[in-house]
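Biologist: I am new to this one. Could you walk me through it?

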Amino acid sequence: MTEAKPFDIPKRLVWEAYKRVKANRGAAGVDQQSITDFDCKRDKNLFRIWNRMASGSYFPPPVKSVRISKKDGGVRTLGVPTVSDRIAQTAVTLWLEPMLEPVFHDDSYGYRRGKSAHDAIAATRWRCWKSDWVLEYDIRGLFDNINHELLLKALRHHCAERWVLLYVERWLVAPMQEGEFVSGERSVGTPQGGPLSPVLANLFLHYALDNWLSTQHSNIPFCRYADDGILHCKTKAQATIMLNRLSARLNSCGLELHPKKTRIVYCKDSKRRGTHEHTQFDFLGYSFRPRRVVDGYGRVRCGFTPAVSRSSMTAMRQRARNWRLQLQSSLSIDELAQVMAPRVRGWINYYCRFRGSEFQPVAEHLNRIIVRWAMRKFKRLRGHKHRAFAWLEKVKKDRPNLFVHWTGSGSFQVGAMGAR
């Protein structure tokens, strides 16, 4: 007879978790095992995960600490679990998501199925038209500062599964490993990078912030995407009061506002004549600010609208430079287009949803990369920049669908860029 396990965990759950982890790929953890290595003995490895979880003997290994640079010059620490641990965490995530989704607020958009950053941007755009003031906030080091006691209290309120609670507690205290150094058990925080962390962070912020706002300040529309958020206020005085109350509320939960990324903004447009130190804010890669718009009657006026931010365009241009495609003279022009397509398509799909014409500087940069590639590829174009741009104009005329940023919503002019 097969010995009964203390926890009834469906094997199908572990299988579904494995499929999600495999689809997401990701780096190896502290054991250096890649998903390809894991697949060499896939069935045996999956059974081991299920057997240990079902028997209560699963203990997570240390999480690999990886430091990455942030746009603002700072450093963010990511935690990379092993492949096996990602599968185990994902199994718990799959169990919790259907349970917690109905609990979360409609204006929480980050890391939730069926909701997107575009949904958050659209909601924010509409509310900026209705309210004159915005309180833009950012929570400093959210994932590093989540209070374990408060988080587990919230989790126990919604989940009675002993095995879920057991393993969440073990994951919360699992040590971090950087190089040869292994930290002790953590007393606060959940590593950003693990598949379970976003669900836990959303649950924590639901009670720390979303539920508090919707019950104590129901007259203040808000939008939150992970640790970034927007509060819409009718007056500057109201925004100032909410800034103080928001800071106090987060402090009581062990969190704090980022002083450089939290501010009050005036949503200035043609109908709003006042002035303020800040008349724009960035949210999810878009800048909301006064812009020239044409209304439904064909009149030109000033509107407060979102478009791709300057910092996002700078980051895209830097990534494109790092591709060093101009050096790939062995590629044909069709191969060059194929290499660029998936990356550029992703940018266009995200950043051209609102006021896509603002993507033009990035499109021009991509065209300059193609020109530099052509000047290395073709002897007749070497040293002749204007001739190379003329060549590019002809290619676009003959094959307008060759490059992604030449087609559809991403159709941008090659333009007279030779003089730039």
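What follows is a short exchange on a sheet and a helix.

Modeller: Keep in mind that this is a predicted model.

Biologist: In what order do the four strands of the open sheet stand?
Modeller: The sheet is open, and its pairing is antiparallel. β6 (222–225) and β8 (263–266) each have a single partner strand, so they stand at the edges. The order is β6-β7-β3-β8.

Biologist: Which residue in β8 is the bridge partner of Val134?
Modeller: Strand β3 (residues 133–138) pairs with β8 in the antiparallel sense, over four bridges. In β8, the partner of Val134 is Val265.

Biologist: Helix α9 packs on the sheet; what angle does its direction make with that of β3?
Modeller: Helix α9 covers residues 236–252 and touches β3, β7 and β8. Helix α5 (residues 117–130) also packs on the sheet, and its direction makes about 155° with that of β6. For α9 and β3, the angle is about 20°.

Biologist: How far apart are the end C-alpha atoms of helix α3?
Modeller: Helix α3 (residues 42–55) has 14 residues. At 1.5 Å a residue they should span 20 Å. The model agrees, with the end C-alpha atoms apart by 20 Å.

Biologist: Within what arc do the buried residues of α3 fall, seen down its axis?
Modeller: The buried residues are Asn45, Leu46, Ile49, Trp50, Met53 and Ala54. They pack against α1 (11–24), α2 (35–40), α4 (83–100) and α7 (162–173). They line one face of the helix, because they fall within an arc of 160°.

Methods:
Residues numbered from 1 in each chain as written. Predicted model: local features only at pLDDT ≥ 70, side-chain atom pairs only at ≥ 80, totals over all residues. Heavy atoms only, no water. Pairing = 2+ DSSP bridges. Helix = DSSP H or I, 4+ residues; strand = E, 2+ residues; numbered from the N terminus. Contact = heavy atoms within 4.5 Å. Axes fitted to C-alpha atoms, helices over the stretch in contact; angles between N-to-C directions. Expected span 1.5 Å × (residues − 1). Buried < 20%, exposed > 50% of the residue type's maximum accessible area, 1.4 Å probe, protein only. Arc of directions from axis to C-beta.
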